[in-house]
2 protein chains.
Amino acid sequence: MESGSIRVLSRAFSILNCLARERAPLGVSEIASAVDLPKATVYRLLDSLEGERAVLGKGGRYEIGPLSLLLADAYRSQVGFADAARSALTTLRNETKETVHLFVYERGELYYLDKLESPFQVRMHSRVGGRASLFRLSAGKALLASLSPEELKELPETLPDEVAAEFPEIRARGYALDDELNEAGLRCVGAAILDEKGRPRGAVSVSAPVYRFPPEKVEVYGLLVMKAARSIREGVASLETGSHAG
Amino acid sequence: MESGSIRVLSRAFSILNCLARERAPLGVSEIASAVDLPKATVYRLLDSLEGERAVLGKGGRYEIGPLSLLLADAYRSQVGFADAARSALTTLRNETKETVHLFVYERGELYYLDKLESPFQVRMHSRVGGRASLFRLSAGKALLASLSPEELKELPETLPDEVAAEFPEIRARGYALDDELNEAGLRCVGAAILDEKGRPRGAVSVSAPVYRFPPEKVEVYGLLVMKAARSIREGVASLETGSHAG
DNA sequence: ATTGTCGTTTCACTCCATGGATTATTTATC
DNA sequence: GATAAATAATCCATGGAGTGAAACGACAAT
């Protein structure tokens, strides 16, 4: 249990997280057993959440409600580069014809902010809004390589040595490479999005199955990813530490 | 006060709504006065919300957190046509070079689901996730025109006669027109997105200032909007009443 | 008809959120 | 750099608000 956590709230959010995971309308009993709470309690919480439009009740079945859109839109505008990144991502996807990801870095953690799928149908089970690994993804490693030593020490998890060993190479190239580290048969390159002070705010990456992503393409895609990262930074009026929305 | 509403929850969500409105980091005191609650209470709620990643605390200032992304992504996938619509929206925007909106219809209410801005810089103060008027927007009227008489009676608000009077025309054309009704100097056309049973699930619209949207273009844009609505429907594997995500 | 399941409602109990007061910390002013 | 003002963070006695077992009603399957 966290330090200051109001029980009703953590319960309510565990229901929301449950609904977000399932992505399908669930009944009260299903939810109750999933979050391990009495039916009556879950029912009351759902009722209350529905009043806030955080969930949507459809004849006894519940799902995530439209309030989420409002909040996510606000979050995106706070991040600052989310909107500006859309066109850069589109370009990158069109240039590579592969799946591209946008990440945002918040308080030592990396989150999927957006993605554009490859036109080829290949499963990539990344989920927008989910937490991403700083150590296993190319985007994460590219981001870490641009942190100061002090910032590296403040990370929630300790930095593995083998990741730190890659930093000189990443800094020299400008992008990070991930060779089937995260997932077998998948290769990706990622670059950090830096603000005006050189601090990382997020990252971009291109991922593809190795059979479409041979070693000789690494350099090509690497440069494209860097170009995208740069254009995202430049496309934003201000990427100051306290970026406000217009 | 709603029927079954847990006080802590409605307070927590009023804080989230407040942060979403402001779109800038706020201090505890600012929030407390905005939502009219004691500072200590707001502080505790923020602390708890931060633990859930629903808000993000940055040195005494708080903003919406990344959990919103996860929830919104789930909501989009539940809606079913949100992802499929992206490419149809892009096409529509490129064809018209004007701002296009995507709406979702839920329980008698219309919500902004997505938008693509015109390359021309004209302010259109729509906010993704916000509620949209069923009676004043072309998209709303197009949607209403495709509802059955029984469904029309179940609407949260009573249908104005002048709106109902437009239905025959809208049904004949296949799209609805809004002549500066919603906002002076703004014209838009909208079409409903129907599922396999002919029930409306959402709508698409094109909006432009009248000086770029003369009467002779209404028919052209109207047909394009209809084409987009149709392609969104067809782009979705299943738009059944209980649409699940893959 | 019967049984089982699930959503909904009830209500007495008690636990937990409450908020005024206090302290710590940061920011502004001279 | 000392003082003051504002704000964030902490504490704790209190009672009202959330709790959940149980009962009810609706529906489906057998």
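These are my notebook entries on two protein chains, two DNA strands and a few helices and residues in a predicted model.

**Entry 1: ground rules**

I noted that the model is predicted, so that local features need pLDDT of at least 70 and side-chain atom pairs count only at pLDDT 80 or more, while totals for chains, interfaces and linings use all residues. Residues are numbered from 1 along each chain as its sequence is written, chains are lettered from A and ligands numbered from 1 in the order in which they are written, and side-chain values use heavy atoms, with hydrogens and water left out.

**Entry 2: the two copies**

I looked up how chain B relates to chain A, and found that a rotation of 180 degrees, with 0.0 Å of shift along its axis, superposes chain B on chain A with an RMSD of 0.2 Å. The two copies are thus related as by a two-fold rotation axis. For this, copies are superposed by least squares on the C-alpha atoms of residues with pLDDT of at least 70 in both. I also checked the interface, where 100% of the interface residues of chain B are also interface residues in chain A, so the copies meet through the same surface. Contact here means heavy atoms within 4.5 Å.

**Entry 3: DNA strand C**

Which residues are closest to DNA strand C? I found that 18 residues surround this strand, the closest being Arg7(A), Gly27(A), Ser29(A), Tyr43(A) and Thr41(B); a residue is near a strand if one of its heavy atoms lies within 4 Å of it. Sugar and phosphate account for 72% of the atoms of DNA strand C that come within 4 Å of the protein.

I then listed single atom pairs, keeping in mind that a polar contact is a pair of N or O atoms within 3.5 Å; within protein, one must be able to donate a hydrogen and the other to accept it, and residues adjacent in sequence count only if both atoms are side-chain atoms. A backbone N or O atom of Arg7(A) is 2.7 Å from a phosphate oxygen of DNA strand C, and a polar side-chain atom of Ser29(A) is 2.6 Å from a phosphate oxygen of that strand. Arg44(B), by contrast, places a polar side-chain atom 2.9 Å from a base nitrogen of DNA strand C. The elements giving two or more residues to this surface are H1, helix H2 (28-35) and H3 of chain A, together with H1 and H3 of chain B. Helices (H or I, at least four residues) and strands (E, at least two) are DSSP runs, numbered from the N terminus.

**Entry 4: DNA strand D**

For DNA strand D I again found 18 surrounding residues, with Thr41(A), Arg7(B), Val28(B), Ser29(B) and Tyr43(B) the closest. Here sugar and phosphate make up 77% of the strand's atoms that come within 4 Å of the protein. Phosphate oxygens of DNA strand D lie 3.0 Å from a polar side-chain atom of Arg11(A), 3.4 Å from a polar backbone atom of Val8(B) and 3.2 Å from a polar side-chain atom of Tyr43(B).

**Entry 5: helices H4 and H5 of chain A**

H4(A) has 13 residues and reaches 19 Å from its first C-alpha to its last, close to the 18 Å expected at 1.5 Å a residue; the expected span is 1.5 Å times one less than the number of residues. I noted that 12 of its 13 residues are buried, where buried means under 20% relative accessible area, exposed over 50% and partly exposed in between (1.4 Å probe, protein chains only). Just after H4(A), Gly80(A) takes a positive phi of about 95 degrees.

In H5(A), the buried residues are Ala82(A), Ala85(A), Ala88(A), Leu89(A), Leu92(A) and Thr96(A). They pack against several elements of chain A, including helix H4 (67-79) and helix H10 (215-234). Lys97(A) follows H5(A) with a positive phi near 60 degrees.

**Entry 6: two single residues**

Is Glu63(A) buried or exposed? I placed Glu63(A) in strand S3 (residues 61-64) of chain A, and found it buried, with a relative accessible area of 5%. Its side chain joins that of Lys58(A) by a polar contact of 3.4 Å, and Gln78(B) is among the residues that Glu63(A) touches.

Tyr211(B) lies in the loop between strand S9 (200-209) and helix H10 (215-234) of chain B, and counts as exposed at 63% relative accessibility.

Conventions. Lists of a residue's contacts leave out its neighbours within four places in sequence.
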